[in-house]
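Reader: I am new to this structure. Please show me how to read it.

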Amino acid sequence: MHFDSMYYPYASRRNTVYGRKGMVATSQPLAAEAGIEMIRKGGNAIDAAIATAAALTVVEPTSNGIGSDAFAIVWVDGKIHGLNASGYAPKNISIEKLKAEGYEKMPTFGKVPVTVPGTPAAWAELSKRFGVLPFEELFEPAIRYADEGFPLTPTLAFHWEAAFNKFKEVFHDDIFENWFKTFAPNERAPKAGEMWASPDHAYALKEIAATKAQSFYSGELADKIDQFFNQYKGYLTKEDLESYQPKWVDPIKVNYRGYDVWEIPPNGQGIIALMALNILKGYEFNEKDAIDTYHKQIEAIKLAFTDGLEYITQQDHMNVTVDQLLSDNYAGKRRQLIDGEALEPTPGEPQRGGTVYLSTADGEGNMVSFIQSNYMGFGSGVVIPGTGIAMQNRGHTFQLDENHVNALKPGKQTYHTIIPGFLSKDGQAVGPFGVMGGFMQPQGHVQVIMNTIDFALNPQAALDAPRWQWMKDKVIHVDPSFPEHIAQALHRRGHHVKRSLYHSEFGRGQIIWRDPDTGVLCGGTEPRTDGHIAVL
């Protein structure tokens, strides 16, 4: 039987999912089931998150891999914790060296934009501090999927084919040869419903599981990575891997209408969502699908994003503080710039003094908001032979302008797009949320939070709602289901509105909310991907 697995001519509805003993929401059904399998075995939300994340490197390689970075917000025993597992630029790289090689800006693919991957270290660190199951046990589903293979889901197949079609046009050097061997073994992308397996990937996961990730940073896998980059005169070395450690950080927040909205501090861009919400809390919104609501949301995001791109990098390299950017006084000044017409945003002056996302929860009240990403789809196009490890291209966001706050420097973390979110109220967890998708992420966070708090939408409806994305200047993109009358009204206010053909441009999110009185979990998953919620 032949049919188009991406053709859906009729509107459909996904209901909110409820559970009590455990819930895992993510973009791939098999990954969600891997997580809930750990809870069935007596594991907690942290164990479930690690198992889900490991499985996602296999069943959604179009967005993430073992060579990714990761961030997490963890709620345990009534306290919130943040983990920054983003990697650093290699110690041997510099602006001077790249300019001598003829680069005027950071390239997208190849050996140059590869930074130290933080994801395997994140898994090990989360398990060490909060997990209850043996580390090796968490990898059993992912290894099984890699060894035995799995059938591709529709959205996964769509993005896989798009990547293959692009890569066959731009990847001509032999440094990319192993990408095609791994992800296009039949000289094409696998199709929806077709089985794909990766024994090399299974081997790497077994190494990580058996060594609590040490193989990746100082053992056999590290040697293979070092050998590959040395062969191609790259910059990443075993020394870079050996010196890497993820960092526990204090999440940052703003209070939005009585709720605390939490993000990871810079170098991540989560602060952009908080700055926008700080601006927006100065207004009253009575109707979601109203021109004034959309207009003010867009203008607030413009102002916050422009500041973010100007000021965000590794926190100790920033020339303004988080407190300055999140002050009510500064939000008020930015709010004053918003009127009835679309503005051309410029950075303010504070007073100076591709990605996968998953949510997990267990019956004990522990909850995890976790995100990991290659940055752009499959990442750099570099796959380490014999391992299935696709290396990220996170360094692409570095600037080769020495005077830019996010200028490339050896051992520095770059501006990071991936951001997990968390919501609490009166000191109690409401739950994890996130919207993956590059620079869409803080914009998605703002829209989902307002859908939830201002307009009282359930988690599934909050994700289903039509989305917009500010691109640059006065340009905004709206998704295929965005109301035409609102799009036209925004155009009349000076916005340059472009309607997209596909929903995937607007992020793919997950939400789990918890009732503090009953412990009942309530989840939504993204209709823009192959989303799934596994529940107990």
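Reader: How many of the 536 residues of the protein chain count as buried, in percent?

Author: First, the ground rules. This is a predicted model, where local features need pLDDT of at least 70, side-chain atom pairs count only at pLDDT 80 or more, and totals for chains, interfaces and linings use all residues. Residues are numbered from 1 along each chain as its sequence is written, and side-chain values use heavy atoms, without hydrogens and water. Buried means under 20% relative accessible area, with a 1.4 Å probe and protein chains only. Here, 63% of the 536 residues count as buried.

Reader: Which radius of gyration does the protein chain have?

Author: The radius is taken over C-alpha atoms, and the globule rule is 2.2 Å times the number of residues to the power 0.38. The chain has 22 Å, which agrees with the value near 24 Å for a compact globule of 536 residues. Its C-alpha atoms fill a box of roughly 55 × 55 × 50 Å along the principal axes.

Reader: How many helices and strands are there?

Author: Helices are DSSP runs (H or I) of at least four residues, and strands (E) of at least two, numbered from the N terminus. The protein chain has 18 helices and 21 strands.

Reader: How is empty space found?

Author: Rolling a probe the size of a water molecule over the atoms shows where empty space is left. On a 1 Å grid over the protein atoms alone, a pocket is an open set of points where a 1.4 Å probe fits, with protein on both sides within 12 Å along at least five of seven lines. Lining residues have an atom within 4 Å of a point. A volume is the space filled by probe spheres set on the points, which are joined across faces, edges and corners. The second largest pocket has a volume of about 1,000 Å³. Of its 30 lining residues, the closest to its centre are Tyr8, Ser12, His503, Pro527 and Arg528.

Technical notes:
Buried means under 20% relative accessible area, exposed over 50%, partly exposed in between (1.4 Å probe, protein chains only).
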